[in-house]
Structure formats: C-alpha cells, structure tokens
Amino acid sequence: MKINKILFVVTSHSELGNTGKKTGLWIEEFAAPYYKFRDLEKQIVVASPKGGQTPIDPKSDLPENKTEATLRYYDDKETQDVLSNTVKLSTVSAADFDTVFYPGGHGPMWDLADDKDSAKLIEDFYNSGKPVTLVCHAPVALKNARLPNGLWLIEGKRVAAFTNTEEETAQLTYVVPFSLEDMLKQRGAAFQKGEDWKPFVTRDGLLITGQNPASSVLAADTLLDYTERL
C-alpha cells in the first residue's frame, strides 16, 4: 500500500486548563513527521477543529526541547503558514487521503477528546483499511471512536500514549481534564509503555500509537514501514 496523501489533524485549543498558561500543539511532534513525509514528496493537508491558526505550546520551543526539525520549522515560513491556515476538520473526508496522522501536545486533551468530527474521521479511516497514527496526547482522540459493531475501536488493542508518570513529571496531573492512560484502559485498551521520555511506539493492525514527543519520528517510520509491506 503506497501512501501519497496524508492528513494531519492538530489541536485548536490554547489554554492550559485554568492555570492562565498556554498550551497547544507540541511542535516537534508535528515538524519531525511532517518533514519526513514532505521530503518523500507526500501530499499533506493539515486540519484542526476550528481551522486557521493552530496554537503552539510555548514550552515546545524552549532550548531544551529544540530539535533539528523544530529549528527547521522556525526557519521555514512556508510551513509556518500551513499551521496558520489549517483547514476546518468538518470539511475533510477520509476518502480523500491514504492515512491520517495526529501529533500531540496537551491541547488535544481539551478539544480532540470529544470532537465528533475527529471521532468519525478516525472511524472512517480505520474502517476503510487505512492506517491511523497518533502520538503522545493525541491518542485521546480515540476516546469515542467505535467499530461498526458498536464496540470501542481500541477495545483489546495495544495502545501507547503519554503515561501517568510522564504527566506527573510534567506536573500536570491535576491540570489535564482526566488521565489519558486511565481513560484508554477504561475503554479496554491493552496499554503499552516504554521508558518515560524515550521513543516507544506500538502497532496493532491499522492502529499506530506513540508514547511521547520522542516517539514522533519512530511513529512516522513505523507507518512508512508498515504501509510499504502491504
């Protein structure tokens, strides 16, 4: 299965609970996979619940979080314009793409968790035999996705995501609306995790999930390797 058209889904949410601080998209989780795919000449569209500018978590641009991909992003006005002009999620269709990739950041915990357009999109990709990849906090978008038989899509499937211990280290356990790890387990997922802050990705059929920001490249590679074998 050759993937040429890739949809990215990013957050529109910018407020970190009621802390008065900002959140949004973790830029590494977008930039690294985006450039990997773009350098392979894939066609990419970026969508968000509200469309327009996606907020970027200011912490993701701190010196200790900079990567080759984020440095490239901040020197690349063309790609910055892509994130400033995302298309509205309700206007995109799984039929027009070969796969979907969800980068994380804390923003998705508030808007993608219960976004009906996002849940339907994931269902449409998955039920059409197209792979779905989500990284870090983005697996929260799996919360309300179901199979045609009514079961939760993630029930009984291996899923990785930002862990409770990583949330504790980030000191945001009591800021996020709920525990991502606990929610996935409550939905029946077989939660998988590696060492905190280290790359870890699991694939269960069409579902590819990564644990944290360090997992973004591995998630993209896993998607490419998997689809090239189909």
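**Questions around a mixed sheet**

Student: In the hairpin of strand 8 and strand 9, which residue takes a positive phi?

Tutor: Bear in mind that this is a predicted model: local features need pLDDT of at least 70, side-chain atom pairs count only at pLDDT 80 or more, and totals for chains, interfaces and linings use all residues. Residues are numbered from 1 along each chain as its sequence is written, and side-chain values use heavy atoms, leaving out hydrogens and water. Helices (H or I, at least four residues) and strands (E, at least two) are DSSP runs, numbered from the N terminus. The hairpin has two residues between the strands, and the positive phi, near 65°, belongs to Gly205.

Student: Which residue of strand 8 stands opposite Gly210?

Tutor: Strands pair if DSSP finds at least two bridges between them. Strand 8 and strand 9 have four, in the antiparallel sense. Opposite Gly210 of strand 9 stands Val201.

Student: And what stands opposite Gly210 on the strand 5 side?

Tutor: Strand 5 and strand 9 run parallel, joined by four bridges. Opposite Gly210 in strand 9 you'll find Val135.

Student: Which strands stand at the edges of the sheet?

Tutor: Seven strands make up an open sheet with mixed pairing, in the order 3-2-1-4-5-9-8. The edge strands each have a single partner strand, so one side of each lacks a neighbour in the sheet; they are strand 3 (87-88) and strand 8.

Student: Which residue of strand 5 stands opposite Tyr102?

Tutor: Strand 4 and strand 5 pair over three bridges, in the parallel sense. Across from Tyr102 is Leu134.

Student: In strand 9, are the residues from Leu207 to Gly210 buried or exposed?

Tutor: Buried means under 20% relative accessible area, exposed over 50%, and partly exposed in between (1.4 Å probe, protein chains only). Leu207 and Thr209 point one way, Ile208 and Gly210 the other, and all of them are buried.

Student: What do the buried residues of helix 7 pack against?

Tutor: Helix 7 (residues 216-229) has 14 residues, and its end C-alpha atoms are 20 Å apart, which agrees with the 20 Å it should span (the expected span is 1.5 Å times one less than the number of residues). Its buried residues include Ala219, Leu223 and Tyr226. With contact taken as heavy atoms within 4.5 Å, these buried residues pack against helix 1, strand 4 (99-102), strand 5 (132-135), strand 8 and strand 9 (207-210).

Student: At about what angle does helix 4 run to strand 4?

Tutor: Axes are lines fitted to C-alpha atoms, for helices over the stretch in contact, and angles run from 0 to 180 degrees between N-to-C directions. Helix 4 (residues 116-127) lies across strand 1 (5-9), strand 4, strand 5 and strand 9, and its angle to strand 4 is about 140°.

Student: Is Glu41 buried or exposed?

Tutor: Glu41 is in the loop between helix 1 (27-39) and strand 2 (43-48). Though not a glycine, Glu41 has a positive phi of about 65°. Its relative accessible area is 72%, so Glu41 is exposed.

Student: Which ring does the charged end of Arg146 sit over?

Tutor: A charge sits over a ring if NZ of Lys or CZ of Arg is within 6 Å of the ring centre and within 35 degrees of the ring normal. For Arg187, the distance to the centre of the Trp152 ring is 3.8 Å. The charged end of Arg146 is 3.7 Å from the centre of its ring, that of Trp152.
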